[in-house]
Every structure is written in structure tokens, then in C-alpha cells.
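Biologist: I would like to learn how each term is earned before I trust it. Could we take the ligands and then the sheets, setting each value against its definition?

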Amino acid sequence: MTSTRGETIAHRICSFCEACCGLELKLRDGKVTGIRANTNDVFSRGFICPKGAALKDLHEDPDRLRMPLIKRNGRFVEATWQEAFAEIEHRLPDVMKRYGRNSVATVVGNPAAHSFGLLLYIPRLARALGSINIFTASTLDQMPKQLASGLMYGAWLSIPVPDIERTEFLMIIGGNPMVSNGSLWTVPDFRGKAKALLARGGKLVVVDPRRTETAAAATSHLFIRPRTDAFFLLGIVQTLFAEKLIRLGRLEERVAGVDALEAAIAPFSADSVAPRCGISAETIRDLTRTLARTERAAVYGRMGACTQEYGTLVNWLIDVVNILTGHLDELGGSMFPKAPAFAANTGGQPGVGRGVITGRRKSRVSGAPEVMGEFPIGCLAEEIEVPGDGQVKAMITIATNPVLAAPNGPRLAGALASLEFMVSLDIYLNETTRHADVILPGCSQLESSNYEVGLSQFVYRNVARYCPASLPRPEGQPSEWENMLRLTAIALGRGAEVNVNQLDDEFLADEIRGRTGAADTEAVLHALSQWKGPDRLLDLAIRRGPYGDQFGLNPEGLNLEKVAAQPDGIDLGPLAPRVPEMLRTPSGKIEIAPEMLIADLTRAAADLGRQAPELVIVGRRQLRSNNSWMHNLPILAKGAFRCTVMVNPEDAQRIGLSNGSRARITNQGRSIEVQVELSDEMMPGVVSLPHGWGHDLPGMKLTLAAERPGANLNALFDDALRDPLSGNSVLSGVAIEMTPIA
Ligand SMILES: Nc1nc2c(c(=O)[nH]1)N[C@H]1C(S)=C(S)[C@@H](COP(=O)(O)OP(=O)(O)OC[C@H]3O[C@@H](n4cnc5c(=O)[nH]c(N)nc54)[C@H](O)[C@@H]3O)O[C@H]1N2
Ligand SMILES: Nc1nc2c(c(=O)[nH]1)N[C@H]1C(S)=C(S)[C@@H](COP(=O)(O)OP(=O)(O)OC[C@H]3O[C@@H](n4cnc5c(=O)[nH]c(N)nc54)[C@H](O)[C@@H]3O)O[C@H]1N2
Ligand code: SF4
Ligand SMILES: [Mo]
């Protein structure tokens with residue numbers, strides 16, 4: 001922070017989306033007077049989007065909760081922090097005692113991934129609860145990519161990203177980074193980087209059922225029938241083998257399973273898959289040849305590639321194409337970042353590891369396998385509804401709004417209403433938290449320090465960046481990590497009045513002792529003593545990390561003090577090849593043909609000839625929104641109404657819809673009413689509606705959002721529909737009927 005004449009400048013890393021832009025805040029008398037891009041930030045280099053400036057609106061939002069709420073006789077009343085935790089202590093252990101540990105479910109949402117005070121404390125709470133019932137937004141999102149990566153490279157977050165500043169050819173499948181600003185790929189100012197790619201003669205190809213903002217800026221765009229990407233990619237892989245275009249290059253000795261792969265994909269020629277995906281065999285073959293013959297190329301996929309019943313296959317095949325064309329781990333290809341802290345692929349022995357396993361447990365009702373220690377969020381409602389041993393009776397939600405974010409939201413809302421006890425860590429009284437008995441509000445984002453634990457593992461360029469709290473917390477307001485620890489203490493039977501700092505010391509000492517041995521524990525703790533809470537865990541992780549000072553063994557190396565001293569960040573250079581060092585598979589090789597995925601090809605083969613439904617619906621993200629929770633911020637909510645369903649004019653004419661008219665959308669008896677927007681951006685037979693809307697439920701405190709509530713896309717979807725391998729929900733390409741409303 002620098003200060004002149006009563007005005008302070010503070011630097012922040014924006015935590016709204018995955019781009020992690022560096023911002024510059026102007027502060028006066030404890031208030032934010034301005035927010036702009038930090039032009040000196042080594043990573044985001046002066047980029048900001050409209051949401052970044054909305055940090056001020058969020059901070060000032062009168063609806064943002066500042067005191068805990070307790071539900072008394074069906075109505076929320078404000079309570080002190082002590083009363084709120086006393087209520088939890090009174091009720092939560094009682095449920096655990098009466099119904100067993102599995103009766104308490106934990107549900108974690110997207111902002112928890114951006115808040116290291118929440119994220120780093122979830123494992124402790126989960127261990128203290130001892131319940132198998134853990135659900136997160138990951139199974140609405142990226143679980144297929146994590147599973148595919150885990151199986152191939154041995155760690156859940158070993159996800160390669162396009163080396164965009166050096167590539168000549170980028171193919172994007174089911175992602176819209178021009179709007180989302182990148183995902184599983186931390187790439188602020190995608191627009192600028194894409195422009196530079198085209199300016200140096202490179203090509204950008206987008207495969208999407210909508211001509212998105214990204215597609216509009218690309219060299220070419222291919223409409224693909226939703227939910228058929230596995231077939232499209234299989235056509236490419238089969239062509240690579242058939243036309244002898246395979247080129248493993250430097251990875252030749254490092255890839256296991258190429259023969260098994262070749263045998264398994266044989267049935268999927270470009271000719272056989274073309275009718276299913278709506279892309280001609282000739283186009284598939286041309287693309288394949290271009291990919292194979294371009295020196296620097298990368299294929300990348302995102303949400304559209306994940307939210308389908310073959311999500312894991314699709315995400316695996318994306319990397320298969322990158323590997324077989326010699327573009328994985330090569331400059332300008334698809335590369336593995338090297339994060340300064342917390343990355344599993346920089347810890348332990350380089351080049352080999354235990355790999356990942358799934359299915360160690362099955363969910364009680366549907367028998368869905370656990371992946372990464374969690375069950376599919378699509379199983380949540382049934383786990384609450386269906387009686388029996390292990391039925392979920394109580395819930396802790398952490399920064400999540402599954403009533404809008406998860407499929408079949410209305411069913412889930414009904415299930416939440418039947419719980420005996422529910423605690424929500426959230427900042428709003430919204431569609432989900434209105435079902436809670438106690439709401440523990442997180443402080444304003446500006447009142448916390450920030451380090452992106454997960455996202456710094458997906459960066460377009462390696463970087464170390466941290467920001468301290470920009471403003472002090474109001475008197476009495478705990479930070480979220482303290483709330484997490486107090487909940488943990490309650491679950492452990494140590495009481496709500498626990499000294500959280502002492503408990504934090506205990507946990508940390510145990511963790512250090514486990515790794516370092518008793519002798520050095522005191523010395524390590526002492527070395528970290530200038531930091532508290534998540535900052536202390538971060539200092540430990542940086543010091544032990546690949547660039548770390550190793551507690552003095554590498555005096556030139558990094559620690560949190562050095563990182564914090566550089567508010568513009570420390571550039572750690574462009575991505576560099578990392579195979580084999582980053583591998584953590586038992587074989588020490590890239591597993592290009594994991595058994596589970598080869599077996600799943602049988603399911604795909606049996607399904608190859610399926611007829612496309614006449615009309616399907618897909619989702620869409622919008623620049624001035626972020627999932628379900630930014631519709632209450634004035635700067636973002638203003639302007640034209642955005643929760644419209646985009647319909648191709650051909651379809652509109654057939655159905656009898658006009659621009660601005662209203663329509664009913666129905667899927668298997670579930671239905672919503674929406675406003676129509678005609679658009680030739682849409683592939684015929686496909687309509688698009690953004691998710692995260694439907695703010696018209698009773699008992700919430702979202703004044704502005706309720707003025708223009710929109711409709712909940714997820715109210716249409718079947719929560720039983722998922723990718724059986726990853727447990728990811730199908731949220732795209734679902735068959736619907738549309739009828740005009742007079
Ligand atoms: N149909 C369809 N559904 C989708 C998607 C889609 O593309 N289509 N996308 C999916 C994806 S990718 C995701 S990530 C999920 C998101 O799923 P969720 O994470 O469940 O939903 P969000 O809308 O992000 O809700 C975040 C919640 O966190 C709260 N919150 C915000 N900041 C903080 C904070 O600092 N502390 C605390 N304690 N709470 C906070 C908000 O008030 C809100 O209640 O939605 C998924 N749902
Ligand atoms: N402005 C803004 N930014 C965000 C968010 C936000 O809500 N608003 N959310 C953040 C989050 S949580 C995430 S996970 C990321 C997501 O980031 P992205 O994945 O880049 O964003 P989406 O808009 O969901 O892109 C999915 C694309 O897939 C297409 N699609 C749908 N079905 C299919 C299909 O079957 N096949 C193919 N090939 N394409 C298909 C859709 O038309 C859409 O263009 O964005 C993050 N950034
Ligand atoms: S792109 Fe994302 S990280 Fe950057 S300012 Fe916008 S919301 Fe914040
Ligand atoms: Mo997400």
C-alpha cells in the first residue's frame with residue numbers, strides 16, 4: 001500500500017473469476033473510491049473486465065450479510081457471533097450423535113476455490129466431521145478434466161494449458177474465453193492474446209453450437225451438435241492413426257499404451273462419426289492434418305466439453321490429440337505450468353507417484369463412485385430424501401448456491417427444506433441459504449488476503465502473486481478461516497469457545513511433524529511465526545515449493561515475505577517443458593490408454609448411431625455476471641435484460657416465436673418460462689439460456705436481483721443424468737420442447 005494525502009492505493013488480485021487480474025484500489029477513510037487495472041501487474045498487464053470494478057459494489061451492497069442470522073420460528077433474526085456458534089454447537093453434534101457421522105453433508109461451491117481461507121481449511125473440517133457425504137461444484141464443472149488428467153499424469157490438477165503466446169494454431173472446444181476470461185486456464189486478456197495470435201499469422205478455430213464472442217473473433221467456427229464432442233475427437237484420433245500422422249517426438253519413450261489406444265478407437269472413422277456431430281468427414285480430416293502438420297498447436301476444451309455424459313472421454317481425447325500430434329509439453333503447444341505453491345506435481349519424488357484412484361466408496365442411494373473424495377452433486381437430493389441408515393439429515397454449505405447451480409434445483413430446494421439442521425457460510429440470504437438454520441457471513445473480499453491456490457496451477461505464464469487484506473475487518477467480524485476452524489472444533493467436540501489460533505497451531509504442528517519429523521517442527525513453526533492462518537500455510541508451501549527458500553537451504557529462493565513485497569507480482573517466466581519430472585503415475589509414464597477410459601469407449605460405440613433430438617438447450621455465460629450471485633450489484637445489473645433464450649430464426653419460425661415474445665420450455669415435466677431473443681448465432685436445433693437466474697423465490701434478501709429475476713435453466717434438468725466416470729452432471733444438449741406463450 002502507498003499513501004498520499006489521505007488516499008491510499010492498494011493492490012489486489014481479483015478473485016471473481018479465474019483470470020486473477022491485478023487491480024489497483026483507491027481507498028479513503030476506509031472506503032473504496034476507485035478501482036482500476038494495475039497496469040504494472042506482471043501477469044495481467046493492465047487488463048480488467050467490468051466485474052473487477054464491481055468489487056466496490058459488492059463491498060457496499062446493503063444486502064450483503066454483515067451479522068450472522070439464526071432462524072427462529074421460521075424467520076431469520078440477526079444474532080451475535082457467539083449466539084450463532086452456540087446454536088450450531090447445540091444442534092449439529094446432536095444430529096451426528098443420533099444418526100451417525102454420514103448424516104452430515106458438506107457442500108462446497110465455486111467462490112471457495114477462490115478463497116484460500118476457505119479452501120485450505122476444508123480438509124480439516126471434513127476430517128473432523130468424518131462423513132463420506134461431500135459434494136462440490138466440481139461435479140457441475142471440471143471433474144471430467146481432473147479425472148482424465150489424474151489417470152494420464154497421476155495428479156488431479158496436472159492439467160496442461162495452451163501456450164497461447166507462442167502457438168500458431170489453437171482449437172477451442174466448448175469454451176468461450178472471450179467472455180469467461182478463461183477457465184482451467186488462467187489467462188487474463190484472452191482477447192488481446194488471441195488478437196496477437198492472429199496478427200502473427202496464427203489460427204484460432206472454435207467448435208461450439210453457438211457462434212460465441214470467441215467464435216466471432218476466430219479464423220473459423222464449426223457448429224457442433226451438442227454432446228457429440230467425444231465422437232468428433234475420436235474421428236480425429238482415428239484419422240491420425242489411419243493416415244499415419246502420429247508424431248510423439250520427445251515423448252516417444254514417455255507414453256504408455258499407444259497400441260491399446262489404436263485398437264480401441266478403430267471403429268470411429270471420420271465417416272462414421274460425421275453424421276452424429278454434424279461436422280463433415282472432410283472437415284474432420286482437414287483439421288486433423290492441419291493439427292498434425294502445424295509445428296506449434298494446441299487443443300483446449302472447457303465447460304461444453306465437460307457437462308456431457310462422455311465428459312471424461314472428451315477431456316481425455318483432447319489431450320490424446322495433443323500428445324499424438326507432438327504438441328503436449330512443447331513450446332506453443334499444451335504445457336504444464338509450475339506453480340510456486342500447493343501443486344501435487346511439484347511435491348514428493350519427481351517423475352513417479354501413486355497416481356489416482358476412484359470408487360473407494362459408493363454413494364448410498366445410486367451407488368455412484370467417489371471421485372477425488374466426493375460424490376456427484378446430482379446425488380445430493382436423493383441422499384436427503386431417501387430414508388435409511390446414512391441418510392443426510394444436516395448440511396454445511398460453504399459458498400455455494402446449488403438451488404440455482406445444480407440440476408433439478410426445485411427438487412433440491414424441497415430436500416433442503418426437509419433437513420433437521422443446516423449451516424451456511426455465505427455472504428447472501430439467497431435461494432439456497434434461505435433453507436439454513438444459521439448463516440455465518442464471510443467478510444468482504446476486500447477484508448481478506450488473497451492467493452490463488454488452484455488457479456496458479458493453470459497459468460499461461462508462471463507467476464508468484466499475493467495480496468494482503470485491503471481494508472480491516474469490522475469490529476467483531478471473524479475471517480472465514482476462523483469460522484471454519486470454529487466449526488471444526490464443534491465437530492471435534494472441542495466446543496465453540498475454542499481458541500482458534502491455538503487450534504490452528506495444533507493442526508499445523510501435526511502436519512509439519514508428519515512430514516518433517518519432530519526434531520525440526522519447532523524450528524519450522526518459528527520460521528513461519530510472522531504469519532497467521534492461511535497466510536502461514538502459504539508461506540510454508542512457498543518455502544517448500546519449487547522456487548522456495550527451503551527454510552534457508554536456498555537463500556535466493558522465495559518465501560511469502562518476498563512475494564508480498566512485490567505487489568505487481570514476481571514473473572517466473574514462460575511455461576517450460578516438464579515431462580517427465582511432473583508425472584506422478586506409478587509407471588512414470590503418460591498413460592495414454594487408461595483402462596477405465598478404454599472400457600468407456602464401448603459405451604460410446606454402442607451409442608454412435610443415436611438420433612439427434614429436434615431441439616436441445618445449452619448454457620451461456622455473460623460478461624456482467626458470474627454464475628448465480630452477481631445479479632444484485634448495480635454496476636453489473638444495469639442495462640438490457642440478459643436472461644433471454646437465444647433461438648435460431650428458423651427454429652423460431654417453426655415454433656411460432658418472435659423476438660421479445662415469451663415461451664415455455666419443458667423437459668420431462670419440468671418447465672420454465674422465458675423471454676425469447678432471435679439470433680443467428682445459434683446452430684439450428686439448439687437454443688441457449690444462461691444459468692444462475694431465477695431470483696423470484698420467497699424469503700431472500702436480494703433486492704435488486706429480484707426486480708428482474710429471470711428463469712432457472714437448471715430447473716429443467718434431470719439430476720440423475722451424468723457422466724458415470726466423473727459423476728459430472730449433464731447440463732448441456734438436453735432435449736426440450738418449446739411452445740409460445742400468448
Ligand atoms: N446449467 C448450468 N449450470 C451450471 C453451470 C453451467 O454452465 N450451466 N456452471 C456450473 C459451474 S462451472 C459452477 S462453478 C457452478 C457454481 O456453483 P455454486 O458455487 O454452487 O454457485 P455460485 O452461483 O457460484 O454460488 C456461490 C455462492 O457463494 C456465495 N459467496 C460469494 N462470495 C463468497 C465468499 O467470499 N464467502 C462465502 N462464504 N460465500 C461467498 C454466493 O453468495 C453464492 O451463494 O455452477 C454450475 N452450474
Ligand atoms: N463472465 C463470466 N465469467 C465466468 C463465469 C461467469 O459466469 N461469467 N463463470 C466462471 C466459471 S465458474 C467457469 S467454470 C468458467 C467457464 O468458462 P467457459 O467454459 O469458457 O465458459 P462457457 O460460457 O460456459 O463456455 C461453454 C461453451 O460451450 C458451448 N457448448 C455447450 N454445449 C456444448 C457441446 O456439447 N459441445 C461443445 N463443443 N460446446 C458446447 C457453449 O455454447 C459455450 O459457448 O467461466 C468463469 N468465468
Ligand atoms: S476478468 Fe475476472 S479476474 Fe479479471 S477483473 Fe474480470 S472478474 Fe476479475
Ligand atoms: Mo465453474
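Biologist: What distance lets you call the pair formed by an oxygen atom of ligand 1 and an N or O atom in the side chain of Thr400 a polar contact?

Modeller: The distance in that pair is 2.6 Å, and a polar contact is a pair of N or O atoms within 3.5 Å (within protein, one must be able to donate a hydrogen and the other to accept it, and residues adjacent in sequence count only if both atoms are side-chain atoms), so the pair qualifies. Polar side-chain atoms of Arg621, at 3.0 Å, and of Ser628, at 2.5 Å, also lie within that limit of an oxygen atom of ligand 1. Taken alone, ligand 1 exposes 910 Å², of which the protein buries 97%; such areas come from the Shrake-Rupley method with a 1.4 Å probe, and for residues only the protein chains shown count as cover.

Please keep in mind that this is a predicted model, in which local features need pLDDT of at least 70 and side-chain atom pairs count only at pLDDT 80 or more, while totals for chains, interfaces and linings use all residues. Residues are numbered from 1 along each chain as its sequence is written, chains are lettered from A and ligands numbered from 1 in the order in which they are written, and side-chain values use heavy atoms, with hydrogens and water left out.

Biologist: What makes a residue part of the shell around ligand 1, and which residues are closest?

Modeller: One of its heavy atoms must lie within 4 Å of the molecule. For ligand 1 this gives 27 residues, and the closest are Asn110, Thr400, Ala405, Asp426 and Ser628. Helix H4 (110–113), helix H18 (402–405) and strand S17 each supply at least two residues of this shell, where helices (H or I, at least four residues) and strands (E, at least two) are DSSP runs numbered from the N terminus.

Biologist: Why do you say that ligand 2 lies between two domains?

Modeller: Domain 1 (158–336 + 590–606) and domain 2 (616–741) both give residues to its shell, so ligand 2 lies between them; the bounds come from an automatic or database domain assignment. Of the 33 residues around ligand 2, the nearest are Asp208, Arg227, Asp229, Ser625 and Ser732. An oxygen atom of ligand 2 is 2.7 Å from a polar backbone atom of Arg227, and a nitrogen atom of ligand 2 is 3.2 Å from an N or O atom in the side chain of Asn626.

Biologist: What are the classes of the residues around ligand 3?

Modeller: This shell, which includes Cys14, Cys17, Phe47 and Lys51, has nine nonpolar, two polar and one charged residues. Ala, Val, Leu, Ile, Met, Phe, Trp, Tyr, Cys and Pro count as nonpolar, Asp, Glu, Lys and Arg as charged, and the others, Gly among them, as polar.

Biologist: How do you know that strand S16 and strand S17 pair, and in which sense do they run?

Modeller: Two strands pair if DSSP finds at least two bridges between them, and S16 (residues 394–398) and S17 (residues 421–426) have five, so they pair, in the parallel sense. Ile398 stands opposite Leu425 in S17. These strands belong to an open sheet of seven, in the order S6-S5-S18-S17-S16-S7-S8, with mixed pairing.

Biologist: What makes S6 and S8 edge strands?

Modeller: Strand S6 (75–78) and strand S8 (134–136) each pair on one side only.
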